[in-house]
Amino acid sequence: MEAKELVKEFPVQSNKKGKQVVHAVSNVNLKIYEGETLALVGESGCGKSTLGRTLIRLLEATSGEIWFDGVDVTHMSERNFMALRRQMQIIFQDPYASLNPRMSVKQIIGEPLTTHKIVSGKVQLDNMVRELMHEVGIPEEFMNRYPHQFSGGQRQRIGIARALALKPRLIVCDEPVSALDVSIQSQVLNLLKDLQAQYQLTYLFISHDLSVVRYIADRVCVMFLGKICEMGDTESLYQHPLHPYTSFLLEAIPKADPKQRKEKRLLTGEIPSPVNPPAGCRFHTRCPYATEECRTQEPKMQLIDGREVACHHPLM
């Protein structure tokens with residue numbers, strides 16, 4: 001999948017200054033390669049989830065292009081997009097809100113199978129639902145239970161089974177473990193890795209937890225206020241971040257070993273508004289290295305040591 005100059009804006013209530021919009025995603029260029037896990041990281045409100053949902057057209061793009069397998073799907077009619085929608089699925093962040101409380105597990109997992117006419121009868125539907133439940137570690141005797149009868153980790157497994165039902169090629173994982181206990185997080189992450197190897201899946205993994213990202217991602221894309229700051233392979237980015245914002249994010253990761261802890265640098269300055277983002281580099285109001293150039297000119301993405309970074313003064 002590829003995004004070209006992708007923009008997503010949300011209108012807000014007009015005031016004396018006229019109509020205003022929230023600049024959630026601004027001119028994003030992004031490629032997701034088959035079989036990889038690309039992590040999308042950043043602070044809450046930076047546009048990660050909006051970008052993920054726009055890529056699979058749960059939200060319509062304001063402008064720009066979305067390409068899937070060499071086909072422009074940006075403005076494809078819903079009828080023509082139906083076949084491609086089977087190949088793109090999403091696992092939502094909140095396992096308590098993403099499952100219909102009035103539907104049983106069988107109905108939840110079976111709904112995409114019946115909607116896309118994958119099954120031809122009740123027996124085939126039951127067999128496929130049982131198989132999917134087995135894949136994610138939910139006992140088949142729980143088929144007729146309802147979401148309130150499960151724990152958070154079990155509900156997320158049900159959500160994963162629903163996403164797998166149509167045998168997709170790309171799955172957007174929208175912070176799939178952030179609402180779970182730490183002990184359950186590792187189980188769900190291992191399940192996602194096992195399923196990826198088994199079905200040759202491609203993941204767009206959205207998270208604000210960089211310790212989780214390091215475990216599961218092949219490449220990392222860092223976002224700030226709707227813009228991509230830095231993108232590259234996981235290990236080199238963690239070992240030597242090039243963008244100041246990436247450096248601050250990595251320093252914020254908690255360390256269990258007291259001997260490895262050191263005094264953390266704190267981000268200062270005012271957090272910009274997505275309704276009225278600053279000119280130049282959007283991070284300059286909080287960056288300790290900002291210069292006049294940063295305040296007036298928007299940095300272009302440049303290639304350094306095999307990584308892409310949008311910064312006038314990258315950390316070398």
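A residue is called buried here when its relative accessible area is under 20%, exposed when that area is over 50%, and partly exposed in between, with a 1.4 Å probe and protein chains only. The model is a predicted one, in which local features need pLDDT of at least 70 and side-chain atom pairs count only at pLDDT 80 or more, while totals for chains, interfaces and linings use all residues. Residues are numbered from 1 along each chain as its sequence is written, and side-chain values use heavy atoms, with hydrogens and water left out.

**Salt bridges**

With a salt bridge taken as a side-chain nitrogen of Lys or Arg within 4 Å of a carboxyl oxygen of Asp or Glu, the structure holds 15 of them. Three of the pairs, among them, are listed below.

| Pair | Closest N to O distance |
|---|---|
| R85 and E78 | 3.3 Å |
| D126 and K122 | 3.1 Å |
| R307 and E230 | 2.8 Å |

R85 has a relative accessibility of 18% and therefore counts as buried, whereas its partner E78 is partly exposed at 42%. D126 is buried, with a relative accessible area of 9%, but K122 is exposed at 58%. Because D126 and K122 are four residues apart in helix α4 (residues 122-136), about one helical turn separates them; helices (H or I, at least four residues) and strands (E, at least two) are DSSP runs, numbered from the N terminus. The salt bridge between R307 and E230 links distant parts of the chain, since R307 lies in strand β12 and E230 in strand β10, 77 residues apart. Both R307 and E230 are buried. Elsewhere, E34, D69 and R169 are joined into one network by salt bridges that share partners.

**Strand β7 and its neighbours**

All five of the five residues of strand β7 (residues 170-174) are buried, so the strand is largely enclosed by the rest of the structure. This covering applies to both faces, with L170, V172 and D174 buried on one side and I171 and C173 buried on the other. Strands are paired if DSSP finds at least two bridges between them. Strand β6 (residues 88-91) runs parallel to β7 and is joined to it by four bridges, with M88 standing opposite L170. Five bridges join β7 to strand β8 (residues 202-207), again in parallel, and Y203 in β8 is the bridge partner of I171. From β7 the chain crosses through helix α6 (residues 182-199) to β8 in a right-handed β-α-β crossover, meaning that, with the strands pointing away from the viewer, the path from the first strand over the helix to the second runs clockwise.

**Pocket and cavity**

On a 1 Å grid over the protein atoms alone, a cavity is a set of points where a 1.4 Å probe fits but cannot get out, and a pocket is an open set with protein on both sides within 12 Å along at least five of seven lines; lining residues have an atom within 4 Å of a point. Grid points are joined across faces, edges and corners, and a volume is the space filled by probe spheres set on the points.

The largest pocket has a volume of about 570 Å³ and is lined by 31 residues, with N27, N29, I228, M301 and A310 nearest its centre. Strands β1, β2, β9, β10 and β12 each supply at least two residues of this lining. The largest cavity holds about 100 Å³ of space, and of its 13 lining residues P244, C281, C287, C294 and C311 are the closest to its centre.
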